[in-house]
There are 2 protein chains.
Amino acid sequence: MFAEYLFAEYPHAAARVFSGIGGEAVPLMLQTVSNRHPHHFSKDATLLLEGDKCNVVYCVLDGWIALSKALEDGQNQIIDFALPGDIVDPVAADGTTSSVTIEALTDASLAAISYGSWEIMISEWPELYHLAHLVEAARQARRDERILRLGKGTAEMRVAYALLEFCIRLAPACGSECHQFHIPLTQQQLGDYVGLSSVHVCRTMRRMVRNGILEMHDHMDIRILDAPSLARLAGVDIEELKREIVPTRM
Amino acid sequence: MFAEYLFAEYPHAAARVFSGIGGEAVPLMLQTVSNRHPHHFSKDATLLLEGDKCNVVYCVLDGWIALSKALEDGQNQIIDFALPGDIVDPVAADGTTSSVTIEALTDASLAAISYGSWEIMISEWPELYHLAHLVEAARQARRDERILRLGKGTAEMRVAYALLEFCIRLAPACGSECHQFHIPLTQQQLGDYVGLSSVHVCRTMRRMVRNGILEMHDHMDIRILDAPSLARLAGVDIEELKREIVPTRM
DNA sequence: CGTCTCATTGATCCGCCTCAATAGCTGTGG
DNA sequence: CCACAGCTATTGAGGCGGATCAATGAGACG
C-alpha cells in the first residue's frame, strides 16, 4: 500500500527516494548470490549490516527481507519479515547503529530514503506521514502478537499464528480470499521465527496436515484447507487480525 | 529525555499537549484505585482500554505503565513497560483501535497528545520529531532484544536481561552508575513479562541471590552486586545495550 | 488475630529440544 | 547414465527445562 502511493501519487517523492543511494535514480538491489550463500549481499547492500551507520529508511519494493538477531552461541532469532510495502528502520536508540541484522531471503529490491529526504517528503506531503504511521502500527501490532505467543503460546499456536500472518500479509498479492501461498523459508527459518526447533516445526505442521487443516507441497507451498480450525489453534479471529496487522487507509 | 525537552524547550507545545484532553491544562491522571484492583482505572482513563478509539499518543510523565495482551484462556503477556519519557502509541493498523491493553502499575501521569496536535507540534519544532524517533527506536530495540530471548533464551537469560534492562532504564532517575533500584512488580508480573511462571522466576532469582549476583529486599528492591556476571548470564554487553535502548541526543 | 496476597520450596509431569538415522531432492562430475 | 555429495524434511528415542500442583512461610491490613 505504502509503496504504491509513494509511486502513484507522489512521483516527485518517488524520484527523491532513490537519491538516498549515491544520487542514482535506480533502486538499491539486494540479491542473494545463490541459494548456497543466502546471507551474502551485493556490495552496495552491506550498508544494512549490523553495526554500520544507518541514516536511511528502507521501503521494501519486492522480495522477502528478514530482520534477525543472534546470541553469542550462534542461536538465531528472526524478529520479523519485511514484505513489499513495509518500511524498515533498523536504527537503535543511539540514532546511528542498527539493532538488527538484515538479510534478503529472496532476490529483493528496496528503496533507500535518507532521513533528510524523508523529512522533506513528509513536510511536502503530509499524507505520507499518515501512511507510514499505519505501516509502523501494523509492524508493531504483529510483533506484539508474536511476543504474546512466544511468551505464552504452545508450538501449535505459534505455528498456526505464523501461517495465518503470512496468509493475511500475502493476500494483497494473490486476491483477497486467497488461502494458498508460498513462503520462501526452510523449516529451520520458520523455527527461528516462532522460537521452535526445526524438528518440532516439522512435527507440528505434519500434524496439521494429518488433521486436514493444511496441504503442503514442495518446500513450503501451502494451502489452508480449514481456516477456521487454524484460527482456533492460533487463538485469533481472522477479521480482527486483519484489522490489526493490515494497514488500511481510513 | 523526551519529556524534559518537551517541557523545557517548547513550553508552547507543552501547553498544547494537554489540550488533547478536553482543553484542560492538566495532565490525564491514571491512578490505580488500590493495590487490590490494579487493573482499575479512573474514569477518564478508560480511553486507553483495548477496542476503544485511540487517536492520541501518550507521553509518560511519571509512573510505570504496562502494555499487555492476553489469550482467550486468560494467559497474560506483558509486551512492554513504558516509563517516564516513553511514548505510548497503541494504535493498530486500522488507525483507530488499540492493539494492546494499557494499565498503570503505579500511580501515573500521562500527557495525552492528539494526532492533530502532534502534527502541528512537529511542524513547528522539527527537533521534536528527532527526539520521538529516538524514543521509538529505543522501544523497538528493547522489544527486539526481548523477542530474541523469548525465542531462544533460557530462564536465567530472560530474567537477567530483564533486570539489566530495568537497571539501565531506571539509571537516569538515580544516577548513572546506580545498581540499586525498585521495580513495582510481583514475581507473577515479572513472569508475564519474560514468559515464565512466577514459580520459576522465584527459583531463578533465588539462585542469583545465592550466587552473590543480586540482593533483594522487601518486594523487589534490587541491588546488583555483580554486574559483569549478570551481563554474562543475560548475554549482553552493558555499554552496547545502553547505546541500543537509551535514547541519546546526537 | 484472622485474612489476603505474595514469596518460597518441594514433587511431579509434560512439551519441546537434542541426537540420530533415513529418505527425498538437486546439482555435479565422471 | 550412474554415483556421490549436500541440503532439507521426516521420524524415532531419550533427556531436560520449565510448568503445574501443593504446602508452608511471611508481611500487610482491617
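# Close-up views of a predicted protein–DNA model

**Figure 1. Surroundings of DNA strand C in the predicted model****.** Of the atoms of DNA strand C that lie within 4 Å of the protein, 65% are sugar or phosphate atoms, and the remainder are base atoms. Around this strand there are 15 residues, of which Ala155(A), Ser197(A), Gln187(B), Arg203(B) and Arg206(B) come nearest. By residue class, the surface near DNA strand C divides into 5 nonpolar, 7 polar and 3 charged residues.

**Figure 2. Phosphate contacts of DNA strand C with chains A and B****.** In chain A, a polar backbone atom of Ala155(A) is placed 2.7 Å from a phosphate oxygen of DNA strand C, and an N or O atom in the side chain of His200(A) is 3.3 Å from a phosphate oxygen of the strand. In chain B, an N or O atom in the side chain of Arg206(B) is 2.3 Å from a phosphate oxygen of DNA strand C. The elements that give two or more residues to the surface near this strand are helix 7 (198–210) of chain A and helix 7 (198–210) of chain B, and the largest share, 4 residues, comes from helix 7 of chain B.

**Figure 3. Surroundings and contacts of DNA strand D****.** Among the 15 residues around DNA strand D, those that come nearest are Gln187(A), Arg206(A), Ala155(B), Ser197(B) and His200(B). Sugar and phosphate make up 64% of the atoms of DNA strand D that come within 4 Å of the protein. A phosphate oxygen of DNA strand D lies 2.6 Å from a polar side-chain atom of Gln187(A), and a phosphate oxygen of the strand lies 2.8 Å from a backbone N or O atom of Ala155(B). A base is also contacted, for an N or O atom in the side chain of Arg203(A) is 3.1 Å from a base oxygen of DNA strand D. Helix 7 of chain A and helix 7 of chain B each supply at least two residues of the surface near DNA strand D, with helix 7 of chain A giving the most, 4 residues. The residues of this surface divide into 5 nonpolar, 7 polar and 3 charged.

**Figure 4. Relation between chain A and chain B****.** A turn of 180 degrees, with a shift of 0.0 Å along the axis, lays chain B on chain A with an RMSD of 0.0 Å. The two copies are therefore related as by a two-fold rotation axis. Of the interface residues of chain B, 98% are also interface residues in chain A, so the copies meet through the same surface.

**Figure 5. The hairpin of strand 3 and strand 4 in chain A****.** Strand 3 (residues 65–70) of chain A pairs with strand 4 of chain A in the antiparallel sense over 6 bridges, and Phe81(A) in strand 4 is the bridge partner of Ala66(A). The two strands form a hairpin with 5 residues between them, and Gly74(A) in the turn has a positive phi of about 95 degrees. Strand 4 (residues 76–82) of chain A is largely enclosed by the rest of the structure, because 6 of its 7 residues are buried.

**Figure 6. The setting of Ser98(A)****.** Ser98(A) is placed in the loop between strand 5 (87–88) and strand 6 (101–104) of chain A, where this residue is buried, with a relative accessible area of 4%. The side chain of Ser98(A) reaches the backbone oxygen of Val100(A) at 2.8 Å. Asn55(A), which is 43 residues apart from Ser98(A) in sequence, is 9.4 Å from Ser98(A) in space, C-alpha to C-alpha.

Terms used
Residues numbered from 1 in each chain as written. Chains lettered and ligands numbered in written order. Predicted model: local features only at pLDDT ≥ 70, side-chain atom pairs only at ≥ 80, totals over all residues. Heavy atoms only, no water. Near = heavy atom within 4 Å. Polar contact = N/O pair within 3.5 Å; in protein donor to acceptor, adjacent residues only side chain to side chain. Nonpolar A, V, L, I, M, F, W, Y, C, P; charged D, E, K, R; others polar. Buried < 20%, exposed > 50% of the residue type's maximum accessible area, 1.4 Å probe, protein only. Pairing = 2+ DSSP bridges. Least-squares fit on C-alpha atoms with pLDDT ≥ 70 in both. Contact = heavy atoms within 4.5 Å.
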